[in-house]
Amino acid sequence: MTAPEFQRARSPEAKRRREAAILEAARSLGRERGIREVSLTDIAAAVGMHKSALLRYFETREEIFLRLTAEGWDEWSRALSARLRDTADPGPAPVARAFAATLAARGPFCDLLAHAPLNLERNVSLGAVRDFKLATLAAREPITAAVRDRLPALDERDVTDLVATAVSLAGALWQIANPGPEVAALYRGDPRLAHAVVEVEPRLARILTATVTGLVAAAGEAADEATG
């Protein structure tokens with residue numbers, strides 16, 4: 001649909017469909033170009049709207065991507081929780097690998113995770129920030145239950161720290177692993193810069209294994225002190 005063909009949504013259902021179309025356009029553009037490169041004008045053009053018309057549905061570009069981040073949290077939470085429930089092996093390493101694999105498989109979500117605290121939360125209303133934070137809180141609940149089922153020594157605060165570490169690292173590592181074409185060519189062409197080439201999943205799994213192992217050990221020490 002081209003911009004001249006655009007008609008304003010009148011009913012609540014039409015408005016929901018229009019919002020869904022805007023979100024899908026932003027998702028597709030973000031996957032194709034990276035979040036940083038997608039403007040509000042790009043999104044409006046993709047759905048055949050003028051930018052001023054799009055602003056009737058979302059207050060800023062950042063609000064659109066913050067909504068997509070919240071959706072990503074929900075989808076990742078369900079996938080990770082299911083994988084943890086299906087993991088038969090005990091111990092920290094399988095839990096860490098489940099986090100790493102499910103995050104590394106979701107590159108666009110990792111991209112959003114990096115941008116959320118840096119800019120997406122900073123150019124929206126307080127209501128939008130509140131909704132986003134409540135969505136992430138809800139998404140953490142099944143993860144907490146699944147992790148504690150695998151590692152009963154960990155308490156809710158431990159899992160909160162684990163999740164925060166995992167998503168922060170995943171966002172950062174994804175950015176490092178996906179530089180611009182010129183920078184990527186530089187890394188490949190100079191052996192001295194080989195360390196700058198990062199594979200997200202193995203690096204994330206290794207760091208998270210150490211993190212979970214440390215949390216379990218600390219929990220055990222605290223329990224010993226409490227009973228000693």
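Student: How many helices and strands does the secondary structure of this protein come to?

Tutor: Keep in mind that this is a predicted model. The protein has 10 helices and 0 strands. Reading from the N terminus, the elements go α-α-α-α-α-α-α-α-α-α. As for overall extent, the C-alpha trace spans about 75 × 50 × 30 Å along its principal axes.

Student: OK, so let's talk helix packing. By what are two packed helices described?

Tutor: By the angle between their axes and the distance between those axes. Let's try a pair here. Helix H8 and helix H10 (residues 200–227) pack at an angle of about 160 degrees, and their axes are 10 Å apart.

Student: How are H8 and H10 oriented to each other, then?

Tutor: Angles over 145 degrees count as roughly antiparallel, and H8 and H10 are therefore roughly antiparallel to each other. Their crossing is right-handed.

Student: Which residues of H8 and H10 meet?

Tutor: On the H8 side you can click through Asp158, Leu162, Thr165, Ala166, Leu169, Ala170, Leu173, Trp174 and Ala177. Across from them, H10 brings Val200, Arg203, Leu204, Ile207, Leu208, Thr211, Val212, Leu215 and Ala219. Sorted by character, this H8–H10 contact has 14 nonpolar, 2 polar and 2 charged residues.

Student: Now for H7. At what angle do the axes of H7 and H8 cross?

Tutor: At roughly 115 degrees, with the axes of H7 (residues 126–150) and H8 (residues 156–177) coming within 10 Å. H7 and H8 are therefore roughly perpendicular to each other. The crossing of H7 and H8 is right-handed. H7 makes the contact with Arg140, Ile143, Thr144, Val147 and Arg148, while H8 uses Glu156, Val159, Thr160, Leu162 and Val163. That contact splits into 5 nonpolar, 2 polar and 3 charged residues.

Student: Next topic: pockets. What shows where empty space is left?

Tutor: The general idea is to roll a probe the size of a water molecule over the atoms. In this model, the largest pocket has a volume of about 300 Å³.

Student: How many residues line the largest pocket, and which lie nearest its centre?

Tutor: There are 17 lining residues, and Trp73, Leu113, Pro117, Val167 and Ser168 are the ones nearest the centre. The lining divides into 10 nonpolar, 4 polar and 3 charged residues.

Student: Which helices supply at least two residues of the lining?

Tutor: Helix H6 (107–118), H7 and H8 each do. H8 gives the most to the lining of the largest pocket, with 7 residues. So keep H8 in view: H8 packs with H10, and the H8 axis also crosses that of H7.

Technical notes
Residues numbered from 1 in each chain as written. Predicted model: local features only at pLDDT ≥ 70, side-chain atom pairs only at ≥ 80, totals over all residues. Heavy atoms only, no water. Axes fitted to C-alpha atoms, helices over the stretch in contact; angles between N-to-C directions. Helix = DSSP H or I, 4+ residues; strand = E, 2+ residues; numbered from the N terminus. Parallel < 35°, antiparallel > 145°, perpendicular 65-115°, else oblique. Left-handed = near helix turned anticlockwise from the far one by under 90°. Contact = heavy atoms within 4.5 Å. Nonpolar A, V, L, I, M, F, W, Y, C, P; charged D, E, K, R; others polar. 1 Å grid on protein atoms, 1.4 Å probe; cavity = no way out; pocket = protein on both sides within 12 Å on 5 of 7 lines; lining within 4 Å. Points joined across faces, edges and corners; volume = space filled by probe spheres on them.
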